[in-house]
Amino acid sequence: MTALAPTPTAVVAASERRSRRGSPWLRFLVGRVWRALVAMWVIVTAAFIVLRVAGGDPVRAALGVTADPSVVQARREQLGLDRPLIVQYADYLWGLLHGDLGVSLITGRSVNEIVAGRLPATLELAGISFAVILLVAVPVGLFVAILTQGGRRRGVEVTFTGITSFIAAVPEYLLGVLLIIVFAIALHALPVAGQSGPASYVLPVAALSIASSASIARIARIEALATLGDDYVRTARSKRLPAAMIYFKHALPNMLTATLTIGGTMLGTMVASGVLVEQVFNWPGMGTAFVQAITSKDYGIVQGLALVYAAIILVVNLLVDVVLSILDRRTTLMETA
Amino acid sequence: MIRRRMALPTQPMAVITTVMLLILVLVAIFAPMWWGEQAVAADPDAIGLPPSSEHLLGTDKLGRDILLRTLVATRLSLVMALAATGLGAVAGLVLGALPAVLGPRAQRWFADVIATWLAFPVLLLAMLTVILLGPGAITAVVALAVTMVPSFARLAQTLSARVAGAEYLAAARMLGVSRGRQFTHYVLPNIAEPVIVNVTMSVGGGLLALSSLSFLGIGVQPPQFDWGRMLSEGFAQVYVSPIAAIGPGVAVVFAGLAFSLFGEALAAFLRNRGGSRALSRRRLGPAPRAATPAQQSAPPALLEVEGLCVSFPGESGWQRIVRDVSFRVEAGELVGVVGESGSGKSVTLMSVAQLAPAGAAVTASRISFDGTDIAPLSDRQASKALGTKVGVVFQDSLTALNPALRVGGQLAEVPRVHGGSSRADAHRQAVEALGRVDIPNPEQRAQQFPHEFSGGMRQRALIAMSQMGSPSLIIADEPTTALDVTVQRRVLVMLRKECADNGAAAIVVSHDIAVLGELCRRIIVMYAGRIVEDVDATLLARSDALAHPYTRALAASLPDLDTDRSAPLATIPGEPPDLSQELPGCAFAARCPFATDRCRTEAPPLRAHAHGGRVACWHPQDGMSREERPRAEVTV
């Protein structure tokens with residue numbers, strides 16, 4: 001982006017931007033919100049098209065080939081599926097704007113109800129795991145970077161790289177299965193599945209956070225190495241500040257920005273891995289409902305839950321962007337300017 | 001050289017991963033041929049058996065051998081991953097490279113599309129595809145390919161932008177190289193490496209993603225089976241025989257690891273091709289030390305450095321950047337250090353200030369500051385001993401100030417930490433210090449971030465920062481190099497005033513001998529990591545008073561009012577020597593018109609000279625005898 005030579009149009013655009021009022025940060029914020037809204041609309045429309053147009057008759061698919069045609073017809077009318085597509089689309093959008101995520105094609109139950117019942121469990125699992133990842137990965141990455149600065153302690157570096165690449169290569173659901181086998185079945189130390197009390201969180205959170213922690217720790221180490229080599233860290237050392245202050249006050253914010261950028265995109269994949277981990281641990285979250293809906297071909301639920309997932313991811317990405325812009329004004333402003 | 005680098009990677013990691021991949025490929029080819037039928041043959045007498053000598057990993061709920069099924073499943077698992085990655089890579093690369101042909105508007109539009117696409121969660125996208133096409137192996141492959149497209153498109157975009165802007169391509173175009181040849185000979189080789197590395201790593205990720213689709217039951221459908229399918233079947237009977245999940249689990253991890261590590265080894269290999277890695281500490285041996293014993297110096301000075309050596313790990317041994325440097329700085333004295341880039345001047349001073357870069361090996365017979373010898377102390381103790389007594393002004397003010405912290409806060413840290421001042425008091429001191437270096441509205445400026453300052457203001461803020469602890473020595477590392485000529489003078493005057501006000505001594509590093517001549521009382525000239533001359537600054541104006549041929553050449557290269565504008569600027573022919581080798585003689589001998597055999601074989605020691613300073617030269621050129629003294633010292 002920055003490497004491109006300014007074309008005449010870009011120069012004009014830049015001068016226009018400068019003449020416009022308002023702080024650059026606010027403009028950046030508005031731009032990001034706008035982008036998220038557009039992405040959400042694209043997802044809503046794509047989900048609608050895929051499920052209503054390309055997926056064949058969703059009601060027939062949901063109720064099965066043996067269902068009585070009159071029942072199918074009644075359900076179609078009840079759901080408004082007999083009307084023209086464009087009307088259905090408008091209806092659907094109107095409903096979404098009023099917070100109506102649709103209904104199950106099989107039971108007719110409202111998706112809102114399902115989400116209300118299951119979203120908290122999903123958010124708890126993802127939130128705790130993300131906190132664990134940040135709390136483990138960033139300090140570990142920084143610590144290993146401090147140890148291996150300037151090509152010192154090659155052994156530590158090789159061990160760290162080996163262990164983290166191995167852990168990162170174990171998919172979350174497999175890790176979940178292994179954890180169940182070891183801690184729940186063999187040792188009887190922790191509950192196998194479900195959500196019941198603090199102990200039941202340990203294995204799902206571990207399954208969801210260990211692999212991501214390993215990858216983030218590697219990224220964090222590389223970022224920390226680059227940051228520790230930066231001039232301002234030497235400046236801080238020239239002021240003879242305590243080591244903790246140099247690392248945490250001077251290096252950490254600068255290394256966080258890059259780590260968070262990648263960590264933020266990772267949050268998206270984490271939500272997806274959450275679906276698998278929920279399935280493995282029979283966690284009463286949206287993921288298990290989502291997989292059930294897919295296997296039972298209840299596309300009404302699939303559509304509604306997919307939108308909730310998409311919204312969560314977009315909001316998270318937006319939040320990451322905003323946090324980053326606060327942490328590192330220089331780069332964000334340069335990016336928009 | 002090039003031939004050697006093109007040889008197969010010999011790093012252990014590369015060898016291991018290559019072997020792992022070979023195993024996978026062989027199993028994928030031969031296992032279905034040898035055990036394909038056994039793997040699907042149900043045996044009602046052997047349902048859910050635990051591991052035994054007959055069934056090493058036990059049997060599944062239809063009595064099929066799990067080990068054999070795992071081996072046979074290799075082919076489908078690998079083929080699916082390769083197909084998905086190939087499909088995704090081709091589609092993504094085309095999509096990403098296409099806009100380059102279509103013009104800037106299309107480029108921006110495509111970039112937006114790709115950014116939105118990238119924001120889509122992988123599993124969601126895959127599931128929508130599954131719903132669209134119905135579950136099955138081919139659907140899973142298409143679904144995964146769809147999720148891989150945007151990252152490859154982004155890669156192609158970055159790469160094509162980089163290549164399209166490259167000068168070699170412009171040159172090829174100018175020379176009339178055909179479009180096809182441009183692509184095959186100029187574009188392809190430059191994007192092939194990162195693409196290959198990315199594809200390899202993506203196969204590993206794709207393998208895991210496909211197995212998770214199958215695990216959820218929306219990928220491969222029975223009677224077909226891949227590792228993910230086997231895992232989900234094994235998980236269903238995890239209470240009965242947990243071992244059923246182990247076989248396919250190990251296979252998935254092994255394959256995923258093989259591809260991602262191979263990609264990494266490949267990337268490391270391609271990265272290191274440009275220059276090999278420095279030797280490890282063990283193979284380097286002990287860091288070089290000065291051969292000369294510590295000299296007995298006269299009355300103690302503020303700073304006394306003796307036998308300072310700084311070395312960095314190199315490809316073939318220690319790179320001796322600073323070799324046996326000794327000098328003194330009296331209290332309140334302004335000393336300049338001059339030399340070409342790479343002469344070791346900055347490294348010398350940073351080492352004295354205990355700020356040598358990580359990995360540098362610093363040795364010295366003595367670094368005495370204010371009567372304390374810090375050379376034998378550990379880094380931490382030495383830093384503690386220096387405390388706020390040494391202030392440092394760095395070269396590039398944009399990078400030397402922390403971009404994430406407010407300028408005022410960065411100044412206030414010093415009294416906060418070292419003076420025990422309250423937050424408010426430290427802030428007030430910071431504002432005062434900014435005001436002293438003529439920063440307008442210091443109260444508001446202190447609240448700003450470094451990028452909101454101009455270059456000259458930042459440099460002055462750095463000077464103010466170096467003064468915060470009332471140091472007795474300022475070390476300024478090329479304080480004006482990054483500034484406009486018009487601002488340079490102002491910053492130097494500021495630096496001199498601050499030193500004079502606080503009675504601090506200063507060492508100013510520069511490659512600009514004219515700047516130093518104006519500012520300092522004494523000039524230390526460095527060449528190839530050694531001090532070659534230490535001389536009164538006033539002598540710079542009379543180049544016949546300088547003793548070392550190198551100093552003379554430096555002084556002569558300065559244009560002044562008497563310089564003949566029609567003649568080319570004076571330059572010094574030749575290149576500085578290779579610092580990774582031990583130099584037997586004078587480092588300047590190869591470029592020196594007065595060099596004799598002695599210069600090439602015996603290094604001249606740095607000795608007191610008749611002009612009042614010190615010279616390391618067998619043939620000083622000033623023609624002074626030892627009895628003659630220079631003119632009376634002129635104060636700055």
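Two strands pair if DSSP finds at least two bridges between them. That rule frames this report on a predicted model.

**Strand S10 of chain B**

S10(B) and S11(B) form a hairpin with 2 residues between the strands. Ala528(B) takes a positive phi there, near 50 degrees. S10(B) also pairs with S3(B), and the table sets out both pairings.

| Strand paired with S10(B) | Residues | Bridges | Direction | Partner of Ile523(B) |
|---|---|---|---|---|
| S3(B) | 334–338 | 4 | parallel | Gly336(B) |
| S11(B) | 530–536 | 6 | antiparallel | Val535(B) |

Ile523(B) thus has a bridge partner in each neighbour: Gly336(B) in S3(B) and Val535(B) in S11(B).

S10(B) spans residues 522–527 and is mostly covered, with 6 of its 6 residues buried. In a regular strand, side chains alternate between the two faces of the sheet. Here both faces are covered. Arg522(B), Ile524(B) and Met526(B) are buried on one side. Ile523(B), Val525(B) and Tyr527(B) are buried on the other.

**The nonpolar core**

Val525(B) is also among the residues with the most contacts inside the largest nonpolar core, which has 258 residues. Val302(A) and Leu305(A) share that rank, as do Leu144(B), Leu411(B), Leu434(B) and Ala506(B). Helix H11 of chain A, residues 243–281, gives the most to this core, with 16 residues.

Ala506(B) touches Leu334(B), Ile474(B), Ala476(B), Leu495(B) and Cys499(B), leaving aside residues up to four places away in sequence.

**Where the chains meet**

The contact between the chains takes 59 residues from chain B and 62 residues from chain A. On the chain B side, several helices each supply at least two residues, including H5 (104–119), H6 (122–133), H9 (179–216), H10 (227–236) and H11 (246–272). H14 (379–386), H15 (397–400) and H16 (407–419) of chain B also do so. The chain B residues that touch chain A divide into 40 nonpolar, 17 polar and 2 charged.

**A helix pair in chain A**

Two packed helices are described by the angle between their axes and the distance between the axes. For H6(A), residues 111–148, and H9(A), residues 199–228, the axes come within 6 Å. They cross at roughly 35 degrees. The crossing of H6(A) and H9(A) is right-handed. By class, the contact of H6(A) with H9(A) has 22 nonpolar, 5 polar and 1 charged residues.

Terms used
Residues numbered from 1 in each chain as written. Chains lettered and ligands numbered in written order. Predicted model: local features only at pLDDT ≥ 70, side-chain atom pairs only at ≥ 80, totals over all residues. Buried ≥ 20, exposed ≤ 12 C-beta atoms within 10 Å, placed from the backbone. Contact = placed C-beta atoms within 7 Å. Nonpolar A, V, L, I, M, F, W, Y, C, P; charged D, E, K, R; others polar. Core = buried A, V, L, I, M, F, W, Y, C linked by C-beta atoms within 7 Å. Axes fitted to C-alpha atoms, helices over the stretch in contact; angles between N-to-C directions. Left-handed = near helix turned anticlockwise from the far one by under 90°.
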